[in-house]
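Me: Please take a close look at a single part of this model and describe it in one connected answer, with the cut-offs behind each term.

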Amino acid sequence: MLEITVVCVGNLKEKYFTDACNEYAKRLSAFCRLKVVELKDGTPIIPYLPARARKIALCVEGKQLSSEELADYIEKLPNMGVSELCFVIGAFDGLPEEVKACCDMRLSFSKMTFPHRLMRVILLEQIYRAFTIISGGKYHK
């Protein structure tokens, strides 16, 4: 089972964001082992990135993928010998360049900027959507 870590700067203060993240975490438990690491603003991020994981930095200048393309990427990881995947979400001002440089991929969900707390919900939803696409579920339809 794939291990997915989401490293994010800042905690969720709003109950509606917490509730949404908890719901997607519950749904994802059928497909992967999910771990969310919350860091305080100013905490160095790199020490919290799993060494063996394929690392993806979420940033506006990254590559944009469709939901199907993200699902295809995730589905191919085990065949490439990858058992860990890590997504990194920065604070309100994004990710430092040295963190992006440590990552294997830069991913953008849009040319628009989203609040980092909302981005966590969007990311978890898209990871869940990817697994339902992989498994042939009806959620994506």
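Reply: What follows concerns helix 4, its aromatic surroundings and, for context, the cysteines. This is a predicted model, in which local features need pLDDT of at least 70 and side-chain atom pairs count only at pLDDT 80 or more, while totals for chains, interfaces and linings use all residues. Residues are numbered from 1 along each chain as its sequence is written, and side-chain values use heavy atoms, with hydrogens and water left out.

Helices are DSSP runs of H or I with at least four residues, and strands are runs of E with at least two, both numbered from the N terminus. Helix 4 has 20 residues and spans 29 Å from its first C-alpha to its last, which is close to the 28 Å expected at 1.5 Å a residue; the expected span is 1.5 Å times one less than the number of residues. Of its 20 residues, 15 are buried, so helix 4 is largely enclosed by the rest of the structure. Here buried means under 20% relative accessible area, exposed means over 50%, and partly exposed lies in between, with a 1.4 Å probe and protein chains only. Just after helix 4, G136 takes a positive phi of about 75°.

The aromatic rings come next. Rings of Phe, Tyr and Trp (its six-membered ring) pair if their centres lie within 6.5 Å, and planes under 30 degrees apart count as stacked, over 60 as edge-to-face and the rest as tilted. By this rule there are five aromatic pairs. Among them, Y128 and Y139 form an edge-to-face pair, at 4.8 Å centre to centre and with 70° between the planes. Because Y128 lies in helix 4 (residues 116-135) and Y139 in the segment after helix 4, this pair ties together parts that are eleven residues apart in sequence. Y128 is buried, with a relative accessible area of 12%, whereas Y139 is partly exposed at 28%. Both tyrosines belong to one aromatic cluster, formed by Y24, F31, Y128, F131 and Y139.

As for covalent links between cysteines, a search of the whole structure finds zero disulfides, a disulfide being a pair of cysteine sulfur atoms within 2.5 Å. The sulfur of C8 has its closest cysteine sulfur in C21, at 7.9 Å, which is too far for a bond. C8 is buried, with a relative accessible area of 2%, and C21 also counts as buried, at 6%.
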